Amino acid sequence: ILVCQKSSCCKRGGKAVYQTAMETVEKHELRDRVQVKPTGCMGKCKKGPCLVMQGDKSRHIGIKPEDVPELIAQRYSAVAS
């Protein structure tokens, strides 16, 4: 899971999105299958925060921290919402 950590996304909540993704992966013991990585600009600065789920490369723009657990649950079906 890639989460933009450049200034524009961070001003819109990117740090909280990153933290929530890290906590969700940890809580559901997905560390062996899922990595959360900070990234640079994804080119959607005015619509951030931006998150990309690797594998299918699905982009999620304007994501809120409360949306992250459900996104991870949908992608990694072992997680209960």
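Which residue stands opposite Arg59 in E4? In this predicted model, the residue in that place is Val52. The strands concerned, E3 and E4 (residues 58–61), run antiparallel and are joined by four bridges. Their hairpin has four residues between the strands, and Gly55 adopts a positive phi there, near 100°.

Strand E3 (50–53) also brings us to helix H2, since the buried residues of this helix pack against it. Helix H2 covers residues 14–27, 14 residues in total, and spans 20 Å from first to last C-alpha, close to the 20 Å expected at 1.5 Å a residue. Its buried residues are Gly14, Val17, Tyr18, Thr20, Ala21, Thr24 and Val25. They lie on the same side of H2, because the arc they cover around the axis is only 165°. Lys15 and Lys27, by contrast, are exposed on the other side of the helix. Besides E3, the packing partners of the buried residues include two further strands, E1 (2–4) and E2 (37–39), together with helices H1 (7–11) and H3 (68–75). After H2 comes Glu29, with a positive phi near 50°.

Thr24 offers a pleasant close-up of this helix, H2, in which it is placed. The relative accessibility of Thr24 is 7%, so Thr24 counts as buried, the cut-off being under 20%. With neighbours within four places in sequence left aside, Thr24 is in contact with Pro69 and Ile72. Both residue numbers fall within the 68–75 range of H3, one of the elements against which the buried residues of H2 pack.

How values were computed:
Residues are numbered from 1 along each chain as its sequence is written. This is a predicted model: local features need pLDDT of at least 70, side-chain atom pairs count only at pLDDT 80 or more; totals for chains, interfaces and linings use all residues. Side-chain values use heavy atoms; hydrogens and water are left out. Helices (H or I, at least four residues) and strands (E, at least two) are DSSP runs, numbered from the N terminus. The expected span of a helix is 1.5 Å times one less than its number of residues. Buried means under 20% relative accessible area, exposed over 50%, partly exposed in between (1.4 Å probe, protein chains only). The arc is that of the directions from the helix axis to the C-beta atoms. Contact means heavy atoms within 4.5 Å. Two strands pair if DSSP finds at least two bridges between them.
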